[in-house]
Structure formats: C-alpha cells, structure tokens
Amino acid sequence: MVRAPDPLHRALPQLPARRSAGRAHPEELARKAARAAEQSTAWESPYTGADQELHARIDAAVAEDREALLALSHALHQDPEPGFEEHRAVARVAELLRSHGIEAETGVYGLPTALRATAGTGQGPTVGVLAEYDALPGIGHACGHNVICASGVGAFLALARVMPALGGTAVLLGTPAEENGTGKETMARAGAFDGVDAAGCWAHRGPPADRRVRVKPAPAHSRRLHVHTAARDRPSAHRTIVGRGKAVR
C-alpha cells in the first residue's frame, strides 16, 4: 500500500471540547458552534455563472449519457474494490470514456489504479474533475463512491462537449484510495494538479434547504478557511480547513 507523510490538507476542529468521561460535551460544542456561525460573515460570489444556453447544453449531455452512467454506478456497486486495488473499476471508467472517443491513461502518477483523461482545446483555463471509486474494506460501497465516480465521469463527459466552444480544457482524474489511503496526495506530489486552475469532486449530499453555510474568507497570506454550518433541527458545526499553498480567494 502506498502511503505518504504529512497530508496536504487537514480538517481541524477549532472549538475547545470539555471532556466528560473521555467524551466531548455535545451541548457545549453546539452552543459554541452556533455563536461562531452567527458571528461569521456571509460571502457571496461576484460571478453569475454559466448562461442558460450553456446550462441547457450540459443538461442535454448528461441526459444523453444517463443510462451509461447509471450502468457504471451499478457495476461498481456490485463489484467493490478497496483502495489501491480498484483495477476493474478504473478499467470500466476507461472503457466508458473510450466509447465516447476519449482515450484515458491508466497507471499514471505512480499508482496502478489512477487515471487521467483530457478534452478541450488545450488552451485557456483548465478545469479538473475528480472521480473516486474505492470501496470501504470489508464493507463495500457504503460511502457511495460508485455514485461519486459516475457523477464525476458524467460531469467530465458533459464538459468535453462544451469545452471546444468555451476555449478551455477539462481533465478527469481518477483518484484511488480515498477511504484507506492517500491517493490524491500521492498524485498531487507527482504533479497531477500541475497546470490545473480549479478542481472539484462531487461529494455527498449538500446542505438541506434549511441549513445555512457561511464561509469566512481568510487573509491572502493565510492557509486557513473558516466554514460554519447551522440548521434549525441539528447542532451547528465550525471547521477550519488548513492547506499548503496560498489561499484561494
């Protein structure tokens, strides 16, 4: 198994926890997190996003690939593989990409089950889409990485259709061993994200409609990003994300 020292990113709780019988007191944590969330500053992006025509083209592309993406998700769920051993999973992803005329490289960045594929003009901004496909050892896809993988592949295929008009490049990175290893870090150290302007991964479901999410921007020289969530019927939470490199504003 490949392991790398000192992770690139760590999520650190910023609230002091009063211990009782070896456990943090949940009511105290909830009160402190609620106060921190109320004191944080809401941040709104100055960008309006894609226009309706582009949204429609992307929606149409996803709809066209719907059955193939569902088949990929179901196949991965029925055939789980743990981290660094996702050989059949990465082969299925490569096969689906090939059916759309996109050749993928596997075994990249020193990991046999890592994958990279590109589409677009090779000029302009480069957007990375991450796909996870490892299962929980001894359990299976209880964490939904089969869905995360299919969603990432679907997003990449949709971007591949519109990137020529946008003048940019889309990169799909298949990232092994999210559950029990450090696949993304290993790939990053090997240069997987060099030249990538922005990268994202579809994770688990987002906040419900009744939950507030506030992001407090950090100073330009800082490596910390403060994130607060709060909802009517559940405790609040406060996390500071710490990473290497300059903060993204």
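**Note on salt bridges, sheet and pocket**

1. R189 counts as partly exposed at a relative accessibility of 42%, where buried means under 20% relative accessible area, exposed over 50% and partly exposed in between, computed with a 1.4 Å probe on protein chains only. The model is a predicted one, in which local features need pLDDT of at least 70 and side-chain atom pairs count only at pLDDT 80 or more, while totals for chains, interfaces and linings use all residues. Residues are numbered from 1 along each chain as its sequence is written, and side-chain values rest on heavy atoms, with hydrogens and water left out.

2. R189 forms a salt bridge with E185, the closest N and O atoms being 2.9 Å apart; a salt bridge here is a side-chain nitrogen of Lys or Arg within 4 Å of a carboxyl oxygen of Asp or Glu. Both residues lie in helix α6, 4 residues apart, which is about one turn of the helix; helices (H or I, at least four residues) and strands (E, at least two) are DSSP runs numbered from the N terminus. E185 counts as buried at 7% relative accessibility, whereas its partner R189 is partly exposed. Over the whole structure, the search finds 9 salt bridges.

3. Helix α6 also takes part in a contact with another region, since K184 forms a salt bridge with E132 whose closest N and O atoms are 2.6 Å apart. This pair links distant parts of the chain, with E132 in the loop between β6 (126-131) and α5 (145-166) and K184 in helix α6 (residues 183-189), 52 residues apart. Here the acidic partner E132 is buried, with a relative accessible area of 7%, and K184 counts as partly exposed at 24%.

4. D79 forms a salt bridge with R92, with 3.1 Å between the closest N and O atoms. D79 lies in the loop between α3 (66-78) and α4 (87-99) and R92 in helix α4, so the pair ties together parts that are 13 residues apart in sequence. D79 counts as buried at 18% relative accessibility, and R92 as partly exposed at 27%. The contact belongs to a network of salt bridges that links D79, E81, R88 and R92.

5. The loop between α3 and α4 also holds F84, a residue that has a positive phi of about 70 degrees although it is not a glycine, and that is buried, with a relative accessible area of 14%. A positive phi, of about 55 degrees, is likewise found at Y109, again not a glycine, which is placed in the loop between β4 and β5. A reviewer may wish to look at the backbone of F84 and of Y109 in the model.

6. An open sheet of 5 strands has the order β4-β5-β7-β6-β8, with mixed pairing, and its edge strands are β4 (105-106) and β8 (198-200), each of which pairs on one side only; two strands count as paired if DSSP finds at least two bridges between them. β6 and strand β7 (residues 169-174) pair in the parallel sense over 6 bridges, with L173 in β7 as the bridge partner of L130. Strand β5 (residues 115-120) and β7 pair in the antiparallel sense, also over 6 bridges, and T169 in β7 is the bridge partner of G120. β6 is mostly covered, 5 of its 6 residues being buried.

7. A190 lies in the loop between α6 and β8 and is partly exposed, with a relative accessible area of 44%. The C-alpha atoms of A190 and V108 are separated by 9.1 Å, although the two residues are 82 residues apart along the chain.

8. The search of the whole structure finds 0 disulfides, a disulfide being a pair of cysteine sulfur atoms within 2.5 Å. For C149 the closest cysteine sulfur, in C201, is 9.7 Å away, too far for a bond. C149 is buried, with a relative accessible area of 0%, whereas C143 is partly exposed at 27%.

9. The second largest pocket has a volume of about 210 Å³ and is lined by G49, A50, L54, V127 and A198. A pocket is an open set of points on a 1 Å grid over the protein atoms alone, where a 1.4 Å probe fits, with protein on both sides within 12 Å along at least five of seven lines, and lining residues have an atom within 4 Å of a point; grid points are joined across faces, edges and corners, and the volume is the space filled by probe spheres set on them. By class, the lining has 4 nonpolar, 1 polar and no charged residues, with Ala, Val, Leu, Ile, Met, Phe, Trp, Tyr, Cys and Pro counted as nonpolar, Asp, Glu, Lys and Arg as charged, and the others, Gly among them, as polar.
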